[in-house]
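Thanks for making the time this morning. I would like to walk through one chain with you, going from its charged pairs to its sheet and then to its interior.

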Amino acid sequence: NNGDKNKDGNNNNNPNGNPVIGPRSVPSSTEPSAKLEIRVINAESGFIEFDASKSMDNNGNPCVSFGFNFGDKTPPVYISSPTISRSYARSGNYTAMVVVQDAFGGQSMATVNVQINKPLNMESISSQQ
């Protein structure tokens, strides 16, 4: 280390003598890999399980936070569990989304298409209640 200083008087080198570029930080995965799968639990009621448990950071560690948006104009759900189950009120095609976050704050998103085909009698019952 030759002790070179920049115009502000700060040392531009780390202890190994290599230039420091940008702020130093704890090594992290900058963007995890988000995965979202669905499993039909009950087709007649439109009950679906959403599973983001295969979402990992770049080091292979599971993500720690999950924001699920079901694509049906209901509010998003933010939880620490990678799985959640819920039903859809109406037949239709929906794009569900999960935003995952790893322990370092890196985020990523995945989507899946959901097709709900409720029998007509189930829709008329749920819309009358």
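Let me begin with a question: which side chain does E49 meet in a salt bridge? Before anything else I should say that this is a predicted model, and everything that follows should be heard with that in mind. The partner is R39, and the two side chains come to 3.2 Å, N to O. Because E49 lies in strand β2 and R39 in strand β1, the pair ties together parts that are 10 residues apart in sequence. R39 is partly exposed, with a relative accessible area of 47%.

Staying with E49 for a moment, its contacts, once residues up to four places away in sequence are set aside, include E37, I38, R39 and I41, and also T83, I84 and S85. E49 also comes to 6.6 Å from R86, C-alpha to C-alpha, although 37 residues separate the two in sequence.

How many salt bridges does a search of the whole structure find? The search finds 3, and the pair of E49 and R39 is one that we have already met. Another joins the side chains of K54 and E37, again at 3.2 Å from N to O. Here K54 sits in the loop between β2 and β3 while E37 belongs to strand β1, residues 37–42, so this pair ties together parts that are 17 residues apart in sequence. E37 is partly exposed, its relative accessible area being 36%.

There is also the salt bridge between R86 and D72, in which the closest N and O atoms are 2.8 Å apart. That pair links distant parts of the chain, with R86 in strand β5, residues 83–87, and D72 in the loop between β3 and β4, 14 residues apart. Are R86 and D72 buried or exposed? R86 has a relative accessible area of 15%, which, being under the 20% cut-off, makes this arginine buried, and D72, at 18%, is buried as well.

The loop that holds K54 deserves one further remark, on S55. S55 lies in that loop between β2, residues 47–51, and β3, residues 65–69, and because its relative accessibility is 1%, S55 counts as buried. Leaving aside neighbours within four places in sequence, S55 is in contact with S33, A34 and K35, with N61, P62 and C63, and with V100.

Now to the sheet. In what order do the 4 strands of the open sheet lie? They run β4-β3-β6-β7, and the pairing is antiparallel. The edge strands are β4 and β7, each of which pairs on one side only, and the twist averages 20° from one strand to the next.

Going across from the β4 side, β3 and β4 are joined by 3 bridges, and F68 has V77 in β4 as its bridge partner. Between β3 and β6 there are 5 bridges, with F66 partnered by V100 in β6. Strand β6, residues 92–101, then pairs with β7 over 10 bridges; among the facing positions, A96 stands opposite V112 and Q101 stands opposite Q107. The hairpin of β6 and β7 has 5 residues between the strands, and G105 there takes a positive phi near 95°.

As a reminder, in a regular strand the side chains alternate between the two faces of the sheet. Which residues of β7 make up its covered face, and which its uncovered one? On the covered face of this strand, residues 107–116, we have S108, A110, V112, V114 and I116, whereas Q107, M109, T111, N113 and Q115 make up the uncovered face.

That brings us to the interior. The largest nonpolar core has 19 residues, and those that touch the most other members are L36, F50, F66, F68, Y88, V98 and V114. The elements that give two or more residues to this core are β2, β3, β6 and β7.

To take one of these core residues in detail, what does V98 touch, not counting residues up to four places away in sequence? V98 touches K35, L36 and A52, then F66, G67 and F68, and finally S108, M109 and A110. F66 and F68, which appear in that list, are themselves among the core residues that touch the most other members, and I will stop there for questions.

Note on methods. Residues are numbered from 1 along each chain as its sequence is written. This is a predicted model: local features need pLDDT of at least 70, side-chain atom pairs count only at pLDDT 80 or more; totals for chains, interfaces and linings use all residues. Side-chain values use heavy atoms; hydrogens and water are left out. Buried means under 20% relative accessible area, exposed over 50%, partly exposed in between (1.4 Å probe, protein chains only). Contact means heavy atoms within 4.5 Å. Two strands pair if DSSP finds at least two bridges between them. A salt bridge is a side-chain nitrogen of Lys or Arg within 4 Å of a carboxyl oxygen of Asp or Glu. Axes are lines fitted to C-alpha atoms, for helices over the stretch in contact, and angles run from 0 to 180 degrees between N-to-C directions. A nonpolar core is a set of buried Ala, Val, Leu, Ile, Met, Phe, Trp, Tyr and Cys residues joined through side-chain atoms within 4.5 Å.
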